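Hi everyone, thanks for making time for this one. I'd like to walk you through a single chain today, so let's put it up on the screen.

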Amino acid sequence: MQVGRTVFAQVMEHFPAYEFQKCVTRYDGDFGKRSFSCLDQFLCLGFAQLTYRESLRDIEACLRSVQGKLYHMGFRGRISRSTLADANESVDWRIYADFAQVLIATARPMYAEESLGFDLDGTVYALDTIDLCLSVFPWARFQSTKGAVKMHTLLDLRGSIPAFIEVSDGKVHDVNILDEILPEAGSFYVMDRGYLDFERLYALHRCGAFFVTRTKVGVLLRRRYSRAVDKTTGLRSDHTVTLTSAGSMKNYPDPLRRVRFYDLEQRRWLIFLTNNFDLPALTIARLYKSRWKVELFFKWIKQHLRIKAFYGNSENAVKTQIWISIAVYVLIAIVKKRLALDATLYQILQVLSVTLFEKMPILRAFDDQDSQEKSASFSNQLNLLDF
């Protein structure tokens, strides 16, 4: 790396400019834009994510304070909060959604060898939903005085890279997102009981995909077969079952597997349903336990990326900010692998937040990271890629 380049410019070396321009051209993003391009918008909001800026005025003030460095950091347009606000309202958010998918496709193979903590060869996805805010958004009306924005996420648990994201208003029920997902044969989909819909689960089953979920009170099941279990592991039973109610049988006519597990730490019973009959029962329980990585992902991004407070209230502005935040997150995950950084993603973002304008080799910024101090300084933080 050249010493004369800012850390921000060195991070953006990993930015696939050609792919970004293809996304811009696809939606005519720069049509009629003379002084503030889609790239300028991405860099501004990317800078805001990396440095935890609170508002458009905050972004404007910080970038104007280093006006002489902006050209060498990739900025070409004049930075002002009104121009950025107009871009957030008018530039199609799908540009950044498509670009985030390009980055995701690059990052996922890098983390394909990450351990799940148990022996399993297939891809494992966790599906869950997060409520991003309860501010008044006219396009996301949830109650008479409130709006709600949901982010439905399908997370690849190897590396915790999102494979599918859908942003919706609060009226969309979580289970409807199963209709938007294209199942992959041989993959595992882990989800909580809010997604228990036998018609949709049967669609996954017919596609050759596996699911692991929890049953609900009131689901009627009849036992067909029993398998022996080691009760010292927390397992209590492993049964082949069939649905008995007429409606459920029509929606899911094939047998299911029911695994009962007692969580000694939480002192609660967990009853899992799956269509996989080959894995050991304990692996089924561990698969469901791994679903909590998606909860950590949600907590992590709400703590460290700017999606709790939005720079605009329109649907386009909100979705633009969400997708750019995801793109920045995945870009830093790519940088972590390419530079073989030992620091956690949390540490990398913390270091970048105070060194973006420094002119030094990027690796030097992480030379002084003391692994002995990491546990003391960050022991209470959620480190997304440090499982």
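Let's begin at E358, which is partly exposed, with a relative accessible area of 41%. This is a predicted model, so please hear everything I say today as a description of a prediction. You'll find E358 in the loop between α13, residues 345–355, and α14, residues 371–378. What is E358 in contact with, once we leave aside its neighbours within four places in sequence? The answer is R5, T6 and V7. Take V7 from that list: its C-alpha atom and that of E358 are separated by 5.9 Å, with the two positions 351 residues apart along the chain.

Let me step back to the whole chain for a moment. Its secondary structure comes to 14 helices and 9 strands. There are 387 residues, and 52% of them count as buried. If you take the contacts with a separation of 6 or more, 62% of them come from residues 24 or more positions apart. The accessible surface of the chain is about 18,200 Å², and carbon and sulfur atoms account for 47% of that.

Now the strands, and I'd like to build this part around β5. Strand β5 covers residues 210–214, and 4 of its 5 residues are buried. On one side of the story we have β4, residues 188–191, which pairs with β5 in the parallel sense over 3 bridges. Which residues face each other there? F188 has F210 as its bridge partner in β5, and Y189 has F211. Looking at β4 itself, F188 and V190 point one way, Y189 and M191 point the other way, and all are buried.

How do we get from β4 to β5? Through helix α8, residues 198–206, and together β4, α8 and β5 make a right-handed β-α-β unit. Strand β5 also has β9, residues 268–274, to deal with: 3 bridges join them, and here the strands run antiparallel. If you want a spot to click on, V212 stands opposite T274 in β9.

On to the aromatics, which I enjoyed going through. A pair of aromatic rings is described by the distance of the centres and the angle of the planes. How many aromatic pairs does the structure hold? There are 17. Take F20 and F99: their ring centres are 5.1 Å apart and their planes are at 85°, so this pair is edge-to-face. F20 sits in helix α2, residues 17–26, while F99 sits in helix α7, residues 94–110, so the pair ties together parts that are 79 residues apart in sequence. Both F20 and F99 are buried.

A second example is Y202 with Y252, another edge-to-face pair, at 5.0 Å centre to centre and 65° between the planes. Y202 brings us back to helix α8, and Y252 lies in the loop between α9 (246–251) and β8 (256–263), so the pair ties together parts that are 50 residues apart in sequence. Are these two buried or exposed? Y202 is buried, and so is Y252.

Back at F20 and F99, there is a wider picture. Ring pairs link those two with F15, F42 and Y96 into a cluster.

Rings also have charged company in this model. R76 lies over the face of Y71, at 3.8 Å from the ring centre. Over at Y111, the charged end of K337 sits over the ring, 4.8 Å from its centre.

Next, a quick look at helix α4, residues 56–64. Which residues of α4 are buried? They are L56, D58, I59, E60, C62 and L63, so please note that D58 and E60 are on that list. The cover over those residues includes α3, α5 (67–70) and α6 (81–90).

Last stop: two backbone spots that you may like to check on the screen. D28 has a phi near 50°, a positive value in a residue other than glycine. D28 is found in the loop between α2 and α3, and it is exposed, with a relative accessible area of 57%. Y52 is also not a glycine and has a positive phi of about 60°. Its place is in the loop between α3 and α4.

That's my tour, and I'm happy to go back to any part of it.

Technical notes: Residues are numbered from 1 along each chain as its sequence is written. This is a predicted model: local features need pLDDT of at least 70, side-chain atom pairs count only at pLDDT 80 or more; totals for chains, interfaces and linings use all residues. Side-chain values use heavy atoms; hydrogens and water are left out. Buried means under 20% relative accessible area, exposed over 50%, partly exposed in between (1.4 Å probe, protein chains only). Helices (H or I, at least four residues) and strands (E, at least two) are DSSP runs, numbered from the N terminus. Two strands pair if DSSP finds at least two bridges between them. A crossover is right-handed if, with the strands pointing away from the viewer, the path from the first strand over the helix to the second runs clockwise. Rings of Phe, Tyr and Trp (its six-membered ring) pair if their centres lie within 6.5 Å; planes under 30 degrees apart count as stacked, over 60 as edge-to-face and the rest as tilted. A charge sits over a ring if NZ of Lys or CZ of Arg is within 6 Å of the ring centre and within 35 degrees of the ring normal. Contact means heavy atoms within 4.5 Å. Accessible areas come from the Shrake-Rupley method with a 1.4 Å probe; for residues, only the protein chains shown count as cover.
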